[in-house]
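Okay, everyone, thanks for coming. I'll put the sequence and the structure up, and then we'll walk through what's inside.

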Amino acid sequence: MKRAHSIPSHLTYLYDVETFLQTFIKEAGLSDIQYGSIVLSVCESVNNAITHGNRHDINKKVDIRLECCEQELKIEIEDQGDGFDVDSIQDPTEVKNLKNERGRGIFIIRNLADEVRFENNGSLVKIKFKLSSEHQLLL
């Protein structure tokens, strides 16, 4: 099952993203076990795409693509920005970085998802969640 959704680069559209995810998760027959991790990861990635990638330019879009198969959920979030150097984001759990306001979102996503990759200079985020039999509803 595949779905795609695009939103303008404005934070008010995060509600639309949540609704899109809720519908997809229900239609895909996924249980609620990973729901919070999926929604938080996608919304944090979309927030980063709007804020840092597209710099709140309402004329630029953020694309969200979802694909669910038996064993995994693949998510792609892509913005129209120039990207960033993911290696320059410092670990927010290090004492020297505790007061930094940047880098927490990526840290959260990496800790919730099974796999996170950044491509196109960071303007494309690929997230994977592994699904086991207990993560899917029995139909």
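So, first off, this is a predicted model, and of the 139 residues in the protein chain, 37% count as buried. About 8,400 Å² of the chain is exposed, and 47% of that comes from carbon and sulfur atoms.

On to the layout. We've got 3 helices and 5 strands, and if you read along the sequence, the order goes β-α-α-β-β-α-β-β. Take the contacts with a separation of 6 or more: 64% of them join residues 24 or more positions apart.

Now the inside. In soluble globular proteins, nonpolar side chains tend to be buried together. Here the largest nonpolar core has 30 residues, and Val46, Leu73 and Ile75 have the most contacts inside it. Who chips in? α1 (14-27), α2 (35-53), β2 (61-68), β3 (72-78) and β5 (124-130) each give at least two residues, with the largest share, 7 residues, coming from α2.

Let's zoom in on Val46. Leaving out residues up to four places away in sequence, Val46 touches Ile7, Leu14, Val17, Val62, Ile64 and Ile77.

Last thing, the cysteines. How many disulfides does a search of the whole structure find? Zero, as in 0. Cys68 and Cys69 sit right there in the sequence, so why no bond between them? Because their sulfurs are 6.4 Å apart, too far for a bond, when the cut-off is within 2.5 Å. As for burial, Cys68 counts as buried at 8% relative accessibility, while Cys69 is partly exposed at 37%.

Okay, that's my tour. Over to you.

Terms used: Residues numbered from 1 in each chain as written. Predicted model: local features only at pLDDT ≥ 70, side-chain atom pairs only at ≥ 80, totals over all residues. Heavy atoms only, no water. Core = buried A, V, L, I, M, F, W, Y, C linked by side-chain atoms within 4.5 Å. Buried < 20%, exposed > 50% of the residue type's maximum accessible area, 1.4 Å probe, protein only. Helix = DSSP H or I, 4+ residues; strand = E, 2+ residues; numbered from the N terminus. Contact = heavy atoms within 4.5 Å. Areas by Shrake-Rupley, 256 points an atom, 1.4 Å probe, with all protein chains shown as cover.
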